[in-house]
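Could you walk me through this structure, one region at a time? I would like to follow it with the model open beside the text.

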Amino acid sequence: MRRAKRASKNRNHVQQYLRPVVAMKTLRYREALREAMIEEMERDDSIVLMGEEVGHYQGAYKVTEGMLDKFGDTRIIDTPIAEAGFAGIGVGAAMTGLRPIIEFMTWNFAFVAFDQIVQNAAKIYQMSAGAIKVPIVFRGPNGAARQVSSQHSHACEPFYANVPGLWVCAPSTPADAKGLMKTAIRDNNPVVFLEGETLYGVKGEVPEEEVLIPFGKARIAREGSDLTIVTWGRPYYEVMQAADKLAEEGIECEVIDPRTLRPLDHESIVESVRKTNRCIVVHEHWPYAGPGAEIVDRVQREAFDDLDAPVLRVASLDLPMPYATNLENLVLPDVDRIIEAAHKVTYKA
């Protein structure tokens, strides 16, 4: 009897290490987005993709490469340079049974479609007393693109995260890009999907199996005990570099990537701050207002007694983006500024 119990225990112990692990593959950020859209379009015939150059040119950043040949020009639709027009067509199509994906060449160009996104897509469900749903994804590159100056190069999340009725995604990694895109396409609400403009070539591991990442669930990218750093999008990579350097000094950073800015997983952020007692928020958008300020507000309201230092932000400077590389580098948050902020909140400056 005792031998049988021991054998059973050993089998369980071995089985623990034989549990199937998730198989992974390496994809670039753009490939992960494309794979998510293709898988969803194969699953659901009501999904269509519209935008400038998404078909024959295969996307300004080649995110839609090969999709015209695969799905044809009734589902991959090239449009004129008229963001307000094709965004409005997408809203109407979503109201009448399709599930459109609208690509903007850059979110900086989407300001002319702001009325369709904010006044129509975000509000129709409430204005129709829930009778009309608008299942649509607005997607495209966001943030600095390097030397394309002020009309092409700003992080636009504050404009959309402020609007009730919109979900706002800002994936940092290829795995998050794929998992969040699949969730966005299946959601019955309008989703603003902000892709890092300089991240399309970034490689990362993506699960072989289907994974849908829920909105409002942050990812702990790195565990630490001395300082919480909250970040998303392109600055995530500067933060991870800074965390490595700070670890050499004995400062262990916990890095939280919220992945969606609306809904925001403030519970995970506050829980981390209660453990580390210090917090920095690093983001690419301007410092005045926006998700960064919202996170600081939530941390200081909900974890004030746990804080050993004021919460600091490292943001882009409060300026239109310059063209010159040296000036652009000064505007954007970088590793040195993150380390400087870490030293201030840990009183090691």
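What follows is a tour of a few helices, loops and individual residues. Please keep in mind that this is a predicted model.

Let us begin with helix H13, which covers residues 335-345. Its buried residues are Val335, Ile338, Ile339, Ala341, Ala342, His343 and Val345. What lies over these buried residues of H13? The cover includes strand E10 (227-231), helix H9 (235-248), strand E13 and strand E14 (312-314). After H13 comes Tyr347, and its phi is positive, near 55°.

One of those covering elements, H9, deserves a second look. Two packed helices are described by the angle between their axes and the distance between the axes. For H9 and H13, the angle is about 50° and the axes are 9 Å apart. An angle from 35 to 65 degrees counts as oblique, and H9 and H13 are therefore oblique to each other. Their crossing is right-handed. On the H9 side, the contact is made by Glu238, Val239, Gln241, Ala242, Lys245 and Leu246, while H13 contributes Val335, Ile338, Ile339, Ala342 and His343.

Another helix pair to look at is H10 (266-276) with helix H11 (residues 291-302). The axes of H10 and H11 come within 10 Å and cross at roughly 55°, so these two helices are oblique to each other. H10 passes H11 in a right-handed crossing. If you would like to find the meeting point, look for His266, Ile269, Val270, Val273 and Arg274 in H10, which meet Ile295, Arg298, Val299 and Glu302 in H11.

Now turn to the loops on either side of H10. Pro263 sits in the loop between strand E12 (260-262) and H10. The peptide bond that joins Arg262 and Pro263 is cis, with omega about 5°. In the loop between H10 and E13 you will find Asn277. Asn277 is not a glycine, yet its phi is positive, at about 70°.

The loop between H10 and strand E13 (279-282) also holds Arg278. Which side chain of opposite charge is nearest to Arg278? It is Asp308, 4.1 Å away. A salt bridge requires a side-chain nitrogen of Lys or Arg within 4 Å of a carboxyl oxygen of Asp or Glu, so Arg278, although buried, has no salt bridge. Leaving aside neighbours within four places in sequence, Arg278 is in contact with Asp226, Leu227, Thr228, Val273, Leu307, Asp308, Val345, Thr346 and Tyr347. Two of these names may be familiar: Val345 is among the buried residues of H13, and Tyr347 is the residue with positive phi that follows H13.

Two further residues round off the tour. Ala87 is part of helix H4 (residues 83-95). Is Ala87 buried or exposed? Its relative accessibility is 0%, so Ala87 counts as buried. Not counting residues up to four places away in sequence, Ala87 touches Ile102, Phe104, Ala113, Gln116 and Phe138. Gly51 and Ala87 are 36 residues apart in sequence, and their C-alpha atoms are 8.6 Å apart in space.

Finally, Gln147 is found in the loop between strand E5 (137-142) and helix H7 (157-161). Gln147 has a positive phi of about 55° although it is not a glycine. With 35% relative accessibility, Gln147 counts as partly exposed.

Methods: Residues are numbered from 1 along each chain as its sequence is written. This is a predicted model: local features need pLDDT of at least 70, side-chain atom pairs count only at pLDDT 80 or more; totals for chains, interfaces and linings use all residues. Side-chain values use heavy atoms; hydrogens and water are left out. Helices (H or I, at least four residues) and strands (E, at least two) are DSSP runs, numbered from the N terminus. Buried means under 20% relative accessible area, exposed over 50%, partly exposed in between (1.4 Å probe, protein chains only). Lys and Arg count as positive and Asp and Glu as negative; His and the chain ends are not counted. Contact means heavy atoms within 4.5 Å. Axes are lines fitted to C-alpha atoms, for helices over the stretch in contact, and angles run from 0 to 180 degrees between N-to-C directions. Angles under 35 degrees count as roughly parallel, over 145 as roughly antiparallel, 65 to 115 as roughly perpendicular and the rest as oblique. A crossing is left-handed if the near helix is turned anticlockwise from the far one by less than a right angle, and right-handed if clockwise.
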